[in-house]
Amino acid sequence: IGAIGGVLCSAAIPLWDKFKIDDVVGALSVHLVAGIWGTLAVAIFGGDFANQILPQVVGIVATGIFVCITSAAVWLTLKYTMGLRFDEREERQGLDRIEVGMEAYPEFDAR
């Protein structure tokens, strides 16, 4: 189950890029894709597929709905209170310099 989850996780990484979803640490692939696989694997390998698949699918859908609603509430609250982005000047200058006063990776400086 873990090996299949790892393969699915690795296969999902380019999918997010195609959809233009920024997932730099692979959290969507690990928690969403491999998580859904692990939940379905309970029904597939649990011995009573017919009675276990529906509760597992209901759990996946209910969790998805909860996460979407909760995430939307948190992100909208952040957006309208403190904002989600730095201003364009700060982004161009580099957030390492703005936040900690130094360049984190000077060897990659493109200037």
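**Surface features, salt bridges and the largest pocket**

Isoleucine 44 lies in helix α2, and in this predicted model its relative accessibility of 40% places isoleucine 44 in the partly exposed class, because that class spans the range between the buried limit of 20% and the exposed limit of 50%. Together with Ile1, Phe45 and Phe49, Ile44 makes a nonpolar surface patch of about 410 Å². Membership of such a patch calls for over 30% relative accessible area, a condition that isoleucine 44 meets with its 40%.

Helix α2 also holds leucine 28, which counts as partly exposed because its relative accessibility is 30%. Leucine 28 and isoleucine 13 are 15 residues apart along the chain, and their C-alpha atoms are separated by 8.3 Å. Isoleucine 13 serves as a reference point for a second pair as well, since arginine 89 is 76 residues from isoleucine 13 in sequence and 31 Å from it in space, again taken from C-alpha to C-alpha.

The largest pocket of the model has a volume of about 370 Å³. Its lining is made by 13 residues, of which His31, Leu32, Thr63, Gly64 and Val67 are the closest to the centre of the pocket. Two elements, α2 (residues 27-45) and α3 (residues 49-81), each give two or more residues to this lining, and the greatest contribution comes from α3, with seven residues. When the lining of the largest pocket is divided by class, six residues are nonpolar and seven are polar, whereas no charged residue takes part.

Charged side chains are instead considered here through their pairing. Side chains of opposite charge can pair when their charged atoms come close. The structure holds two salt bridges. In one of them, the side chains of glutamate 91 and arginine 85 meet with an N to O distance of 2.8 Å. The two partners fall into separate accessibility classes: glutamate 91 counts as partly exposed because its relative accessibility is 33%, while arginine 85, at 66%, counts as exposed.

The other salt bridge joins glutamate 88 to arginine 92, the closest N and O atoms of the pair being 3.4 Å apart. Glutamate 88 and arginine 92 are four residues apart in helix α4, and are therefore separated by about one helical turn. Both partners are exposed, glutamate 88 because its relative accessible area is 57% and arginine 92 because its relative accessibility is 60%, each value being over the 50% limit for that class. Arginine 89 has its place in the helix α4 as well, which comprises residues 88-93; with a relative accessibility of 48%, under the limit for the exposed class, arginine 89 counts as partly exposed.

A further local feature concerns the backbone of lysine 20, a residue found in the loop between α1 (residues 2-18) and α2. The phi angle of lysine 20 is near 60°, which is a positive value in a residue other than glycine. Most residues other than glycine have a negative phi. At 76% relative accessibility, the side of the classification on which lysine 20 falls is clear, and this loop residue therefore counts as exposed.

Notes: Residues numbered from 1 in each chain as written. Predicted model: local features only at pLDDT ≥ 70, side-chain atom pairs only at ≥ 80, totals over all residues. Heavy atoms only, no water. 1 Å grid on protein atoms, 1.4 Å probe; cavity = no way out; pocket = protein on both sides within 12 Å on 5 of 7 lines; lining within 4 Å. Points joined across faces, edges and corners; volume = space filled by probe spheres on them. Nonpolar A, V, L, I, M, F, W, Y, C, P; charged D, E, K, R; others polar. Patch = residues over 30% accessible without salt bridge, like charges linked within 9 Å, V, L, I, M, F, W, Y side chains within 5 Å. Areas by Shrake-Rupley, 256 points an atom, 1.4 Å probe, with all protein chains shown as cover. Salt bridge = Lys/Arg side-chain N within 4 Å of Asp/Glu carboxyl O. Buried < 20%, exposed > 50% of the residue type's maximum accessible area, 1.4 Å probe, protein only.
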